[in-house]
2 protein chains.
Amino acid sequence: MKKVSLNESNQYDDKSFKRFLLHDSPYFRVLNFNLKAGQVFPVHSHPAEGQLTIQVVAGSGEFLGADATSMPAESGDILVSEISEPHGVKATTDMRILVTIAPPF
Amino acid sequence: MKKVSLNESNQYDDKSFKRFLLHDSPYFRVLNFNLKAGQVFPVHSHPAEGQLTIQVVAGSGEFLGADATSMPAESGDILVSEISEPHGVKATTDMRILVTIAPPF
C-alpha cells in the first residue's frame, strides 16, 4: 500500500507539457501530464493490447482522436480509449490530466 | 473511444455511500463512490491478483488499511493497493473517490 499525490506534481513548463510517472507495475501505469493553455499532447497510438483512461483533473480543453475529431474535455471528464486507438489532448486553459494505462506496454 | 464523466454521478445518499460503475472491460474497472461525511467504505480485500487505485476527487478523509491503520486522504491523493491487501476509506467531509481495478476480478 502506498500513497502518491497529484498535489506534489502541480508544475507546468512554458516549453512543453510536463510528465510525471506516479505509479508503474505489471498491472497499470499512472501518469500525470500538466499542459499550459495552448499546449497539445499530440494524437498518437501504440500497437498494444489494452486500454487507457485520460481523466481531466483541472482545467479544460479537448480530447483529440483520429481524423482530426475532438470532444470537449472538462474537469471530471474521463476518456476511455484502446491503447491502439489514436488519442491526444489539447489544453484550452492550463490543464492537468491523469492517465492510467492497463496493462503497461 | 468513449467519454464518461464524474460530473454525472455527483450524488450522495444519507443511508449509505453511493456507487457508480463508470467503465468495465477485461483490462480495468472504474468506479466512483460518493461518501457523506462520516460514512465508511469498510476495510476489505479479495483473493485476486492485481492492483487498484483509490483517488480522492473531492473532500477528505482517511485511507484505511489492515490492523486499524490509516493515512490522511486529501483531494488529489491516490492510494495504490494490491487487490488482496485490506483497504477502505472513511469520509471526514462529503467525499468522492474514483477507484480503478486492474484487472477486474
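This is a tour of a predicted model with two chains, A and B, given as a series of selections to make in the viewer.

**Stop 1: both chains**

Show chains A and B together. Chain A can be laid on chain B by a turn of 180° with a shift of 0.0 Å along the axis, and the RMSD is then 0.0 Å. The two copies are thus related as by a two-fold rotation axis. To find where this axis runs, select Ala102(A): of the residues of chain A, Ala102(A) comes closest to the axis, with its C-alpha at 3.5 Å.

**Stop 2: where the chains touch**

Now colour the contact between the chains. On chain A, 29 residues are in contact with 29 residues of chain B. Strands that each supply at least two residues to this side of chain A are strand 1 (2–5), strand 2 (18–24), strand 5 (51–58), strand 8 (77–82) and strand 10 (95–102). Which strand gives the largest share? Strand 8 of chain A does, with five residues. By type, the residues on this side of chain A divide into 13 nonpolar, twelve polar and four charged. Of the interface residues of chain A, 100% are also interface residues in chain B, so the copies meet through the same surface.

**Stop 3: strand 8 of chain A**

Select residues 77–82 of chain A. Five of the six residues of this strand are buried, so strand 8 of chain A is largely enclosed by the rest of the structure. Within chain A, strand 8 pairs with strand 5 in the antiparallel sense over five bridges. To see one position of this pairing, pick Leu52(A), which stands opposite Ser81(A). Strand 8 of chain A is also joined to strand 1 of chain B, by four bridges, and these two strands run antiparallel. Here Leu79(A) has Lys3(B) as its bridge partner.

**Stop 4: a sheet that uses both chains**

Next, select strand 1 of chain A and strand 8 (residues 77–82) of chain B, which run antiparallel and are joined by four bridges. Ser5(A) has Asp77(B) as its bridge partner. Then add strand 5 (residues 51–58) of chain B, which pairs with strand 8 of chain B over five bridges, again antiparallel. Gln51(B) and Glu82(B) are bridge partners there.

These strands belong to an open sheet of six strands, in the order 1(A)-8(B)-5(B)-10(B)-3(B)-2(B), with antiparallel pairing. At the edges stand strand 1 of chain A and strand 2 (18–24) of chain B; each has a single partner strand, so one side of each is left without a neighbour in the sheet. Direction ignored, neighbouring strands of this sheet are turned by 20° against each other on average.

**Stop 5: the nonpolar core**

Select Val89(A) and Val89(B). In the largest nonpolar core, which has 48 residues, these two touch the most other members. Leaving aside neighbours within four places in sequence, the contacts of Val89(A) include Leu35(A), Phe41(A), Ile54(A), Phe63(A) and Ile97(A). In soluble globular proteins, nonpolar side chains tend to be buried together.

**Stop 6: a hairpin in chain B**

Select strand 6 (residues 61–64) and strand 7 (residues 70–73) of chain B, which run antiparallel and are joined by four bridges. Gly61(B) in this hairpin has Ala73(B) as its bridge partner. Five residues lie between the strands.

Two residues of this loop are worth a click. Most residues other than glycine have a negative phi, and most peptide bonds are trans. Asp67(B) has a positive phi of about 60° although it is not a glycine. Ala68(B), in the loop between strand 6 and strand 7 of chain B, also has a positive phi, near 60°. Are these residues buried or exposed? Asp67(B) counts as exposed because it has 6 C-beta neighbours inside 10 Å, and Ala68(B) counts as exposed with 7.

**Stop 7: an exposed loop residue**

Go to Asp14(B), in the loop between strand 1 (2–5) and strand 2 of chain B. Asp14(B) has 6 C-beta neighbours inside 10 Å and so counts as exposed. Add Leu35(B): the two residues are 21 apart in sequence, and their C-alpha atoms are 8.8 Å apart in space.

**Stop 8: two cis peptide bonds**

Finish at Pro103(A), in the segment after strand 10 of chain A. A cis peptide bond joins Ala102(A) to Pro103(A), with omega about -10°. In chain B, the peptide bond from Ala102(B) to Pro103(B) is cis, with omega near -15°.

Notes: Residues are numbered from 1 along each chain as its sequence is written. Chains are lettered from A and ligands numbered from 1 in the order in which they are written. This is a predicted model: local features need pLDDT of at least 70, side-chain atom pairs count only at pLDDT 80 or more; totals for chains, interfaces and linings use all residues. Two residues are in contact if their C-beta atoms, placed from the backbone, lie within 7 Å. Ala, Val, Leu, Ile, Met, Phe, Trp, Tyr, Cys and Pro count as nonpolar, Asp, Glu, Lys and Arg as charged, and the others, Gly among them, as polar. Two strands pair if DSSP finds at least two bridges between them. Axes are lines fitted to C-alpha atoms, for helices over the stretch in contact, and angles run from 0 to 180 degrees between N-to-C directions. Copies are superposed by least squares on the C-alpha atoms of residues with pLDDT of at least 70 in both. A nonpolar core is a set of buried Ala, Val, Leu, Ile, Met, Phe, Trp, Tyr and Cys residues joined through C-beta atoms within 7 Å. A residue is buried if 20 or more other C-beta atoms lie within 10 Å of its own, exposed if 12 or fewer, and partly exposed in between; C-beta atoms are placed from the backbone.
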